[in-house]
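Biologist: I would like a close look at one part of this model, with enough of its surroundings described that I can place it in the fold. Please take the pocket as the part to examine, and work outward from there.

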Amino acid sequence: MRAVENKERSKVHYARARDLEHMVYSVAPSERLGVMQQLLTYVCVDAGLRNILCDLRLLREPPRMSGRKNIAQAASSYTRKFYGLSIQTYVRRVQAGDEIEGIAIT
């Protein structure tokens, strides 16, 4: 019974990860940073999002031929560039209520 539940939970988890990735890449390249910035505002209230962004399987996925990153890799690249933090550290600090200084996006 538990195996069935875990399989379904995993299926939903990775389907949502694909949907989030599609959401980011479906907008014009000039708008992607803003979409990622908006997505990260939900880290403090959305456990499923936190689990996706910190998923080691996604973070360690090999590079794709297309050059596009999955949602966890894209979020990690974003937080490294604008906050100097890995996505895991960013999520932990947000969860702890830390104020995170970053570079402003215009």
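Modeller: The largest pocket in this predicted model is lined by Val24, Tyr25, Arg32, Leu33, Met36, Gly67, Lys69, Ala74, Ser77, Tyr78 and Lys81. Two or more of these lining residues come from each of helix 1, helix 2 and helix 5, and helix 5 gives the largest share, with 4 residues. The volume of this pocket is about 210 Å³, and its lining divides into 6 nonpolar, 2 polar and 3 charged residues. As for how such a space is found, rolling a probe the size of a water molecule over the atoms shows where empty space is left.

To place the pocket, it helps to consider the fold. The protein chain has 6 helices and 0 strands, so that from the N terminus on its elements run α-α-α-α-α-α. With 106 residues, a compact globule would have a radius of gyration near 13 Å, and the 14 Å of the protein chain agrees with that. Along the principal axes, the C-alpha atoms fill a box of roughly 50 × 35 × 20 Å. Buried residues account for 34% of the 106 residues, and among the contacts between residues at least 6 apart in sequence, 49% join residues at least 24 apart.

Helix 1, one of the contributors to the pocket lining, covers residues 2-25. Its 24 residues should span 34 Å at 1.5 Å a residue, and because its end C-alpha atoms are 35 Å apart, the model agrees with that expectation. The buried residues of helix 1 are His13, Tyr14, Ala17, Leu20, Glu21, Val24 and Tyr25, and Val24 and Tyr25 are also among the residues that line the pocket. The buried residues of this helix pack against helix 2 (32-40), helix 3 (47-53), helix 4 (56-59) and helix 5 (71-83).

Glu21, in helix 1, deserves separate mention as a charged residue with a relative accessible area of 14%, which means that it counts as buried. Leaving out residues up to four places away in sequence, Glu21 touches Arg64, Lys69, Asn70 and Ile71. Of these partners, Lys69 is one of the pocket-lining residues, and Ile71 is among the buried residues of helix 5.

Helix 5 itself has 13 residues, which should span 18 Å at 1.5 Å a residue; its end C-alpha atoms are 17 Å apart, so the model agrees here too. Ile71, Ala72, Gln73, Ala74, Ala75, Ser76, Tyr78, Thr79 and Phe82 are buried in this helix, and Ala74 and Tyr78 also appear in the lining of the pocket. The buried residues of helix 5 pack against helix 1, helix 2, helix 3, helix 4 and helix 6 (87-95).

Helix 3, a packing partner of both helix 1 and helix 5, can be followed through two of its residues. Leu49 lies in this helix and, at 1% relative accessibility, counts as buried, because the cut-off is under 20%. Not counting residues up to four places away in sequence, Leu49 touches Arg16, Leu20, Leu39, Tyr42 and Val43, and Leu20 is one of the buried residues of helix 1. Leu49 and His13 are 36 residues apart in sequence, with 8.9 Å between their C-alpha atoms. Ala47, also in helix 3, counts as partly exposed at 38% relative accessibility, and its C-alpha atom is separated by 13 Å from that of Arg9, 38 residues away along the chain.

On the C-terminal side of helix 5, Leu85 lies in the loop between helix 5 and helix 6, and its relative accessible area of 12% makes it buried. Aside from neighbours within four places in sequence, Leu85 is in contact with Ser76, Thr79, Arg80, Tyr90, Arg93 and Ile100, of which Ser76 and Thr79 are among the buried residues of helix 5. Gly102, found in the segment after helix 6, is 17 residues from Leu85 in sequence and 9.7 Å from it in space, C-alpha to C-alpha. With a relative accessible area of 44%, Gly102 is partly exposed, and it touches Phe82 and Tyr83 when residues up to four places away in sequence are not counted. Phe82 is again one of the buried residues of helix 5, the helix that gives the largest share of the pocket lining.

Definitions and conventions: Residues are numbered from 1 along each chain as its sequence is written. This is a predicted model: local features need pLDDT of at least 70, side-chain atom pairs count only at pLDDT 80 or more; totals for chains, interfaces and linings use all residues. Side-chain values use heavy atoms; hydrogens and water are left out. The expected span of a helix is 1.5 Å times one less than its number of residues. Buried means under 20% relative accessible area, exposed over 50%, partly exposed in between (1.4 Å probe, protein chains only). Contact means heavy atoms within 4.5 Å. On a 1 Å grid over the protein atoms alone, a cavity is a set of points where a 1.4 Å probe fits but cannot get out, and a pocket is an open set with protein on both sides within 12 Å along at least five of seven lines; lining residues have an atom within 4 Å of a point. Grid points are joined across faces, edges and corners, and a volume is the space filled by probe spheres set on the points. The radius of gyration is taken over C-alpha atoms; the globule rule is 2.2 Å times the number of residues to the power 0.38.
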